[in-house]
Amino acid sequence: MMHAHSWWQTGVIYQVYPRSFLDSNRDGIGDLPGIISKLDYLRWLGVDAIWLSPIYPSPMADFGYDISNYTAIHPLFGTLEDLDSLLHQAHQRNLKLILDFVPNHTSDEHPWFQESRSNRSNEKRDWYIWRDPAPDGGPPNNWTSRFGGSAWHFDEQSEQYYLHLFDVKQPDLNWRNLKVRQAMYDILRFWLDRGVDGFRIDVLWMLLKDEQFRDNPMNPDWKPGDPPSARQVGLYTGDLPDMHALAREMRAIVDRYGERVLIGELYLPLTSLIQYYGEQLDEAHLPFNFQLVTMPTWGASTIRQVVDAYEAALPRGAWPNWVLGNHDRPRIATRVGREQARTAQMLLLTLRGTPTCYYGDELGMQNVAIPPALMHDPPGKQDPQHSRDPQRTPMQWDTSPNAGFCPPEVQPWLPVASDYHTYNVAVEQQETHSFLTLVRALLTLRRSSPALSVGSQRSLDQPNPACFVYLRQHGRQRYVVALNFSAHEQVVSLPEQGQGRLLLSTHLDHEGPMALGEMHLRGNEGLLIWLFPFESQMI
Ligand code: GLC
């Protein structure tokens with residue numbers, strides 16, 4: 001019954017960080033024509049939708065997440081015609097295009113904010129969150145910016161503070177003001193009318209703030225070295241109950257355009273996260289599920305718990321999704337090592353639900369150590385340890401200087417990984433055992449198998465604590481996935497003696513008949529096994 005599913009359910013999303021994908025105009029920064037020139041690669045790889053991090057005009061204080069015009073393209077990236085062309089060429093290849101929508105804050109250089117700031121009686125004053133100083137002249141309350149320091153900035157001229165939950169150059173919009181909502185909804189319509197297939201909504205859970213501006217409680221578990229954003233519990237700055245009405249409004253707009261998708265960026269505990277599907281499944285189609293990114297320990301039992309708890313918590317009819325990496329978090333191949341990262345890809349691409357892949361992760365790209373002097377990211381400038389630059393380095397296309405990201409004589413905006421000679425598209429496309437070959441094989445199998453793309457998901461009990469084993473099933477089609485989370489050989493015994501056929505090992509070096517009663521997995525190995533119909537009915 002594949003036809004009952006939408007493209008955003010059966011498809012795989014690929015996140016492009018446009019600055020770092022491909023530089024076509026020799027300025028060291030990636031751009032839209034660069035992305036267009038790589039659409040065939042993405043098609044070859046086998047993903048279905050591209051999500052672009054912001055490409056709008058921006059002073060780039062937070063690399064495009066500080067927008068000064070929501071309905072245009074930053075000249076660094078190209079023109080509106082380039083965007084239209086990208087959309088057209090993507091659609092010709094049956095690829096969808098998802099844009100980043102950043103509703104919580106604008107740039108301080110956005111005309112709205114400039115008006116708002118100009119004087120207290122300006123008609124746009126209330127479009128942002130302005131407050132009088134506390135009686136001692138200090139900030140109105142204790143709220144902190146997720147990039148560190150107070151979330152309040154004193155404006156000398158108008159003698160009030162404005163709120164910025166991120167950088168000082170990212171003033172928060174006042175979503176309680178109906179005109180703000182209308183203006184932001186018009187922006188959604190602008191892009192939907194142009195034909196984009198959906199939006200990833202930036203920090204969706206933070207749009208509304210406590211109307212009484214109460215102090216946030218401190219996080220008792222915070223310790224030095226943890227990110228500054230974790231120092232407080234964002235009780236009054238996030239996930240307020242009236243957020244759901246806003247999510248419903250956005251969904252209603254998108255729904256008028258047919259099969260489009262709304263993806264919410266939501267770093268929330270599971271019970272709060274799933275509320276963003278909406279009581280009537282009328283909020284986000286995909287509230288981003290970051291559990292594989294945020295879990296403190298990577299291991300078989302933790303992952304099984306996470307998968308089981310998520311599956312059990314999903315509201316009826318809600319579609320799951322999984323994320324392994326993004327531009328804000330260290331790359332998976334750095335977090336768990338390159339060997340284990342292959343198994344992580346098998347996990348991502350065989351779990352039930354829409355996977356989101358981060359550009360370059362399909363190559364096994366790792367974080368690149370960036371000398372503090374070359375850091376760009378605002379939190380990184382405050383504390384190099386928390387810089388997000390290392391996971392945003394140029395895509396590695398080939399063995400030429402700068403990995404083919406930009407011409408040899410041009411300096412890329414961030415340094416290219418030193419191991420790019422080994423880990424790049426051109427080399428890995430030729431290698432039968434490469435990381436890229438594995439990811440492509442997984443994507444191919446996922447696409448061609450209803451069990452993997454839309455089938456049910458059930459964890460299988462087996463005694464080995466280093467391994468996680470699960471069943472994907474659709475009608476009579478059944479697959480077993482067995483993943484070894486340790487670096488050592490493990491034996492997995494399923495309580496049945498049936499036969500299957502090994503379709504894929506993460507080592508890419510064997511396939512063929514497989515007895516389920518005793519499966520041997522090498523260190524860091526994952527196996528994808530097709531179960532013969534009519535056999536092994538016990539599972
Ligand atoms: C989101 C983005 C991040 C950005 C922040 C502020 O978390 O993913 O990159 O810094 O929002 O817009």
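**Notes on the ligand site and a few local features**

1. Let's start with aspartate 328, which counts as buried because its relative accessibility is 17%, under the 20% cut-off. Keep in mind that this is a predicted model. As for where it sits, aspartate 328 belongs to the loop that runs between strand 10 (321–323) and helix 11 (332–335).

2. What does aspartate 328 touch, once neighbours within four places in sequence are left aside? The contacts are Glu265, Arg388, Gln391 and Arg392. With one of these, arginine 388, there is a side-chain to side-chain polar contact at 3.0 Å.

3. Aspartate 328 also turns up at the ligand. The shell there has 14 residues, and Asp328 is among those that come nearest, together with Asp62, Asp202, Glu265 and His327. Glu265 is thus a name to follow twice: it is in that nearest group and it is in contact with aspartate 328.

4. Now for the polar side chains facing ligand oxygens. Histidine 327 has a side-chain N or O atom 2.8 Å from an oxygen atom of the ligand. Arginine 200 places a polar side-chain atom 2.9 Å from a ligand oxygen, and for arginine 388 the distance from a polar side-chain atom to an oxygen of the ligand is 2.9 Å. On its own the ligand has 310 Å² of accessible area, and the protein covers 96% of that. So arginine 388 has a polar atom by the ligand as well as the polar contact with aspartate 328, which is worth a look on screen.

5. What is the make-up of the shell by class? Seven residues around the ligand are charged, four are nonpolar and three are polar.

6. Away from the ligand, have a look at helix 5 (residues 111–118), where the buried residues are Trp112, Phe113 and Ser116. Viewed down the helix axis, these buried residues fall within an arc of 90 degrees, so they line one face of helix 5. Their packing partners are strand 4 (130–131), strand 6 (160–163) and helix 6 (178–194).

7. Two backbone spots to check. Asparagine 94 is not a glycine, yet its phi is positive, at about 65 degrees. The residue is in the loop between helix 4 (80–92) and strand 3 (96–101). Asparagine 524, also not a glycine, has a positive phi of about 60 degrees and lies in the loop between strand 18 (519–521) and strand 19 (526–531).

8. Are these two asparagines buried or exposed? Asparagine 94 is exposed, at 57% relative accessible area, whereas asparagine 524 is buried, at 13%.

Note on methods: Residues are numbered from 1 along each chain as its sequence is written. This is a predicted model: local features need pLDDT of at least 70, side-chain atom pairs count only at pLDDT 80 or more; totals for chains, interfaces and linings use all residues. Side-chain values use heavy atoms; hydrogens and water are left out. A residue is near a molecule or strand if one of its heavy atoms lies within 4 Å of it. A polar contact is a pair of N or O atoms within 3.5 Å; within protein, one must be able to donate a hydrogen and the other to accept it, and residues adjacent in sequence count only if both atoms are side-chain atoms. Accessible areas come from the Shrake-Rupley method with a 1.4 Å probe; for residues, only the protein chains shown count as cover. Ala, Val, Leu, Ile, Met, Phe, Trp, Tyr, Cys and Pro count as nonpolar, Asp, Glu, Lys and Arg as charged, and the others, Gly among them, as polar. Buried means under 20% relative accessible area, exposed over 50%, partly exposed in between (1.4 Å probe, protein chains only). Helices (H or I, at least four residues) and strands (E, at least two) are DSSP runs, numbered from the N terminus. The arc is that of the directions from the helix axis to the C-beta atoms. Contact means heavy atoms within 4.5 Å.
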